[in-house]
There are 2 protein chains.
Amino acid sequence: MTKKPRTRNAGTTVTLADVAREAGVSEITVSRVLRSKGPIAEKTREEVNAAARKVGYVLNRIAGSLATAGSELVGVIIPSLTNIVFPDVLRGLDAALSRRGYRTVLSVTGYQRDLEARLVASLLAWRPTALVVTGLEHDAETMAMLHAAGVTVVEVMDVDGQPVDIAVGVSHTRAGRETAVYLLQRGYRRFGYVGHDIGLDLRARKRHAAFLATLAEGGAQLLGESVAAEASSVAAGRAGLAELLRRHPEVEAVYFSNDDMAIGGMFHCLAEGVAVPGRLAIAGFNGLDLGQQLPQPLTTLRTHRFRMGQLAGEAILARLDGATAESIVDVGFELLPGATA
Amino acid sequence: MTKKPRTRNAGTTVTLADVAREAGVSEITVSRVLRSKGPIAEKTREEVNAAARKVGYVLNRIAGSLATAGSELVGVIIPSLTNIVFPDVLRGLDAALSRRGYRTVLSVTGYQRDLEARLVASLLAWRPTALVVTGLEHDAETMAMLHAAGVTVVEVMDVDGQPVDIAVGVSHTRAGRETAVYLLQRGYRRFGYVGHDIGLDLRARKRHAAFLATLAEGGAQLLGESVAAEASSVAAGRAGLAELLRRHPEVEAVYFSNDDMAIGGMFHCLAEGVAVPGRLAIAGFNGLDLGQQLPQPLTTLRTHRFRMGQLAGEAILARLDGATAESIVDVGFELLPGATA
DNA sequence: TTGAAAGCGCTAACAT
DNA sequence: ATGTTAGCGCTTTCAA
């Protein structure tokens, strides 16, 4: 028995060297074949592929990433998975990135802003190709890391502000304004607002602010608001509208912080026999399919979440290919007139 | 000017060596401090932490993972992000794993079963601590990889079958059966079924099969089915019920493949003035909050998706700690009587 | 409690 | 078209 060299690989892991030995070529040749990189003779390629299959080789992207100083991972930080809009964005992102073999590494903040810096640091430790974060507002520490990261940074959902690198989203200020303009045009004057925790959801806050400003310009009144100290949900919207109408029965149109909330409001009206839009007009934000399937389709603005994710992914890939990406991509929205306002 | 050694680090990356130099200790000491591993003098710890902050050190988990032959990543493969149940599971998983610094790497199949093997291979390349896949049915190639992977494998959503390693989910067979038993007890005898693509969603298929078998045992009839060749959605449920009632107006109770579909059915009834449950009874599956917020809460089974993800994450962590995990974790469900059946 | 040396498995750079 | 060499930045092992 020969004395074994002091080695940590117990011999259980199949490596490039094993494939190389089997195929009778060098490691680097195997590496080239497996990555389709550089000129390879067709015969060699086949032999190497056969050898890899034979010995049961599994790529080791950890080792590869260390050698190339960068991983085919994209870090993603979103505030929530409960609200379907974020899975929608994630879907678009994964669709774009997975085609080139890039994978998303996920983190959820639960809207805790003080968590973001820790998550950014934690994701940067994986030497990702890019980081996708939500919104344009971040604390100073996070900002510093994003600027120093040396990777593509995409801020999704919002374009109202100055991006660190690239922003892909919609203008929530415009959204709030256009909803108000539409409702004013329809003749409503006595408004209410039903919202969710606006200290957490900064984009909802922007819509709210623009909505109110536009009402004021239009000479209309906001009679009252009902704002839940929690995340948006159908239940919160339903309870919120009930409360608002109790306090301000004279309200004739209600703007909800998003479609989930508005759908809750619709359920309240259906359950209590409040005629919509005859007695009360309702408007939301997002254009969820669900709202369009209600007995009366919801009046709302449709946002393109999948497209946002997809464009974010494409911007990341374009960077890799050396293209200079737009720094602000406004995906836009469309008014869905619906039948509730 | 001294001749530079041929080195690939252009000097831009801050490494452990930089921190070590700054702190006046060796690299391994820095490594120990940063990982809180091994005995370290309090003074040393503070000096190292200060040095790390000063030079702006960012952990490199790629290098660390190569050295330790395993990453703090967990690969996750789900069929969809459109159906909220999968984000729910993901949320539970992330909640459990992120507390220990583990991150999830995501892949979505879009219910394309032939994609699964490629995604498993692609995720294994990141040398994850564990792999989380959906369901118990996989093609032969995927099965072979999962068995050979040498990592913890958790199959989520379903427990009706033999897991590769660990299964965390519910029995869809029991779910289908118990729904049928409940509806039979309520006195319904003329049934209909409205479903989505059952060739893709194998768990919906199990519920469907058990539901039909139980009806037969109970001497009831299935008068007709309407099955959309697409993923489940509110729109598909609404259209499906409309079609079913056209063909079989004598149906008195309809089982939907899930809550999304059932909610669509409810919307049809609301829009068309079909009395529920007087004229038609409706039952779903999942117990989404949305269904419980309808003017009449939906009759359904509540599943605990967040909990499933959380238990999957905890099983993975328990393995790391050397515990021997249960191989089948039945998370169970509860009947929500609601008011639609 | 700390350190020196060796290696994890791969790829960039430089041959041939 | 293929190979040799020298790292990538960290942690394990062994030693002090």
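A salt bridge here means a side-chain nitrogen of Lys or Arg within 4 Å of a carboxyl oxygen of Asp or Glu. By that rule, the interface of chain B and chain A holds zero salt bridges. Do keep in mind that this is a predicted model. Two topics are worth a look: how the chains meet, and the sheet that runs through both of them.

**Where the chains meet**
- Chain B and chain A each bring 44 residues to the contact.
- Together they bury about 4,300 Å², with 66% of that on carbon and sulfur atoms.
- On the chain B side, I62(B), R103(B) and W126(B) supply 17% of the area buried against chain A, more than any other three residues.
- Although salt bridges number zero, 16 residue pairs are in polar contact between the two chains, both residues at pLDDT 80 or more.
- Elements of chain B that give two or more residues to this side include α4 (61-68), β2 (103-108) and α10 (234-247).

**The sheet**
- Twelve strands form an open sheet with mixed pairing, in which β2(A) is followed by β2(B) in the strand order.
- Its edge strands are β11 (328-330) of chain A and β11 (328-330) of chain B, each pairing on one side only.
- From one strand to the next, the twist averages 20°.
- In chain B, β4 (residues 152-158) and β5 (residues 166-170) run parallel over five bridges, and E155(B) stands opposite A167(B).
- Helix α13 (residues 305-320) of chain B packs on the sheet, touching β1, β3, β4, β5 and β11 of chain B, and its direction makes about 165° with that of β5(B).

**Domains of chain A**
- The domain assignment gives domain 1 (11-57) and domain 2 (172-303) in chain A.
- The C-alpha centres of these two domains of chain A lie 61 Å apart.

Terms used:
Residues are numbered from 1 along each chain as its sequence is written. Chains are lettered from A and ligands numbered from 1 in the order in which they are written. This is a predicted model: local features need pLDDT of at least 70, side-chain atom pairs count only at pLDDT 80 or more; totals for chains, interfaces and linings use all residues. Side-chain values use heavy atoms; hydrogens and water are left out. Domain bounds come from an automatic or database domain assignment. Two strands pair if DSSP finds at least two bridges between them. Helices (H or I, at least four residues) and strands (E, at least two) are DSSP runs, numbered from the N terminus. Axes are lines fitted to C-alpha atoms, for helices over the stretch in contact, and angles run from 0 to 180 degrees between N-to-C directions. Contact means heavy atoms within 4.5 Å. Buried area is the accessible area (1.4 Å probe) that two parts lose on being put together, summed over both. A polar contact is a pair of N or O atoms within 3.5 Å; within protein, one must be able to donate a hydrogen and the other to accept it, and residues adjacent in sequence count only if both atoms are side-chain atoms.
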